[in-house]
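Subject: Structure handover

Hello,

Here is the structure I said I would pass on. Please open it beside this message and follow along; my notes come after it.

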Amino acid sequence: MVRGEFVFRQAGSYITTDNGYFALQEYLASVCDLFEGKPVWYRQSDLLNCEISSLEGCDVHLDEINPNLGPRALRRGLLYPGPLLREIRCVTEVMADFPNLRWFPSFVGAGSELIDLTDLMGDSEIALAPFAGSMIETPAAVADAEAIVASGASRLVIGLNDLASLFLGAHRGSIYHQRQHRLLTQLVVNLASNHDVVVCNLESRSHLENLFSRADCRFGVHYGDLWRWFPEQFEENDFDPVFDGRKMILDVLRSVPKLGQHPCV
């Protein structure tokens, strides 16, 4: 899974600029080429508004009391659709050469927002690739999962960072932000029993194994965690956490099939 915000941070430019647009296009093409024959999922960029304001090409400056709960990701895109449509257009162009690429929106509040997104894309002057999944990061999205799937999102990607914060009423980093909370775990298990689910932002390998024993789902593991959680898979590779990004992707691609029964993305 590729997260667009990291590309724009590195480029120092927003999707509204040629620099930001081509940085995303080049990065996606590179990853899709490296992972030829395997699905590559692109998550719509989820930048805080204060971050967008610091990038070249910021379209609208927004001041907020709580940036995490304001118009982020899809919400901002529906309010100010120009950058969102340009980002989807960029992804669509890459998909023309790499059919293994898929994309999905981020920080979705409820199914109605995906209907609004579909209508917005339908009004575009050019054909845009439809979304294939959706982030599930709010309690409302969990409650409205059936409508989200009905809108066209066949895969639900649970982001435990935001979901734990909003479900438990806790700031990230506080003692109350417990991604392994029994009620949150049960929420994930229930959702996975009826839908194609990927769980991201796990705390540890033991967290993954606990969910794996209870839920029929896949897991998204950050590549920086692979060598810590599964060190036995990298013993022969003389693995160094300070590495070249492209080499890391290739190493992970070779190593993931050896992760046993854990269905990692």
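Which residues does Ala-141 touch, not counting residues up to four places away in sequence? They are Val-108, Gly-109, Ile-136 and Ile-148. You will find Ala-141 in helix 7, which covers residues 139–143. The relative accessibility of Ala-141 is 0%, so this residue counts as buried. Val-108 is 33 residues away from Ala-141 along the chain, and the two C-alpha atoms are separated by 6.6 Å.

Before going further, keep in mind that this is a predicted model. The mean pLDDT of the protein is 89, and 88% of the residues reach 70 or more. Two stretches need care when you read the model. In residues 241–246 the pLDDT stays under 50, and the model has 4 contacts beyond four places in sequence for them. In residues 255–265 the pLDDT is also below 50. That second stretch has 24 contacts in the model beyond near neighbours in sequence.

Now the overall picture. The protein has 13 helices and 7 strands. Of its 265 residues, 49% count as buried. Among contacts with a separation of 6 or more, 66% are between residues 24 or more positions apart.

Helix 1

Helix 1 runs over residues 4–11, and its buried residues are Gly-4, Glu-5, Val-7 and Phe-8. Viewed down the axis of helix 1, these buried residues fall within an arc of 160 degrees, so they line one face of the helix. The general background is that an α-helix has 3.6 residues a turn, so residues three or four places apart point the same way. What do the buried residues of helix 1 pack against? Their partners are strand 1 (2–3), helix 2 (18–34), strand 2 (40–43) and helix 5 (81–97). Just after helix 1 comes Gly-12, with a positive phi of about 75 degrees.

Strand 2 and Arg-43

Arg-43 is part of strand 2. Is Arg-43 buried or exposed? Its relative accessibility is 6%, and since the cut-off for buried is under 20%, Arg-43 counts as buried. Leaving aside neighbours within four places in sequence, Arg-43 is in contact with Met-1, Val-2, Arg-3, Gly-4 and Glu-5, and also with Phe-104, Ser-106, Met-135 and Glu-137. Two of these contacts, Gly-4 and Glu-5, are also listed among the buried residues of helix 1.

Helix 2 and helix 5

Gln-25 sits in helix 2, and Thr-92 sits in helix 5. The two are 67 residues apart in sequence, but their C-alpha atoms are 9.7 Å apart in space. Gln-25 counts as partly exposed at 21% relative accessibility, whereas Thr-92 is buried with a relative accessible area of 18%. The values fall on either side of the 20% cut-off for buried, so the two labels differ although one value is 21% and the other 18%. Not counting residues up to four places away in sequence, Gln-25 touches Cys-90, Glu-93 and Val-94. With its neighbours within four places left aside, Thr-92 is in contact with Ala-127, Leu-128 and Ala-129.

Two residues with positive phi

Most residues other than glycine have a negative phi. Ala-73 is not a glycine, yet it has a positive phi of about 45 degrees. Ala-73 belongs to helix 4 and counts as buried at 6% relative accessibility. Phe-107 is not a glycine either, and its phi is positive at about 50 degrees. Phe-107 is in the loop between strand 3 (101–104) and helix 6 (111–122). With a relative accessible area of 2%, Phe-107 is buried.

Cavities

How many cavities of 30 Å³ or more are there? The count comes to 2. The largest cavity has a volume of about 110 Å³. It is lined by 13 residues, and those closest to its centre are Tyr-14, Gln-44, Ser-45, Ala-73 and Arg-76. Helix 4 (73–79) and helix 5 are the elements that give two or more residues to this lining. By type, the lining residues divide into 7 nonpolar, 3 polar and 3 charged. Ala-73 thus appears in two places in these notes: in this lining and with its positive phi.

Regards

Note on methods: Residues are numbered from 1 along each chain as its sequence is written. This is a predicted model: local features need pLDDT of at least 70, side-chain atom pairs count only at pLDDT 80 or more; totals for chains, interfaces and linings use all residues. Side-chain values use heavy atoms; hydrogens and water are left out. Buried means under 20% relative accessible area, exposed over 50%, partly exposed in between (1.4 Å probe, protein chains only). Helices (H or I, at least four residues) and strands (E, at least two) are DSSP runs, numbered from the N terminus. The arc is that of the directions from the helix axis to the C-beta atoms. Contact means heavy atoms within 4.5 Å. On a 1 Å grid over the protein atoms alone, a cavity is a set of points where a 1.4 Å probe fits but cannot get out, and a pocket is an open set with protein on both sides within 12 Å along at least five of seven lines; lining residues have an atom within 4 Å of a point. Grid points are joined across faces, edges and corners, and a volume is the space filled by probe spheres set on the points. Ala, Val, Leu, Ile, Met, Phe, Trp, Tyr, Cys and Pro count as nonpolar, Asp, Glu, Lys and Arg as charged, and the others, Gly among them, as polar. pLDDT is the predictor's confidence in each residue, from 0 to 100.
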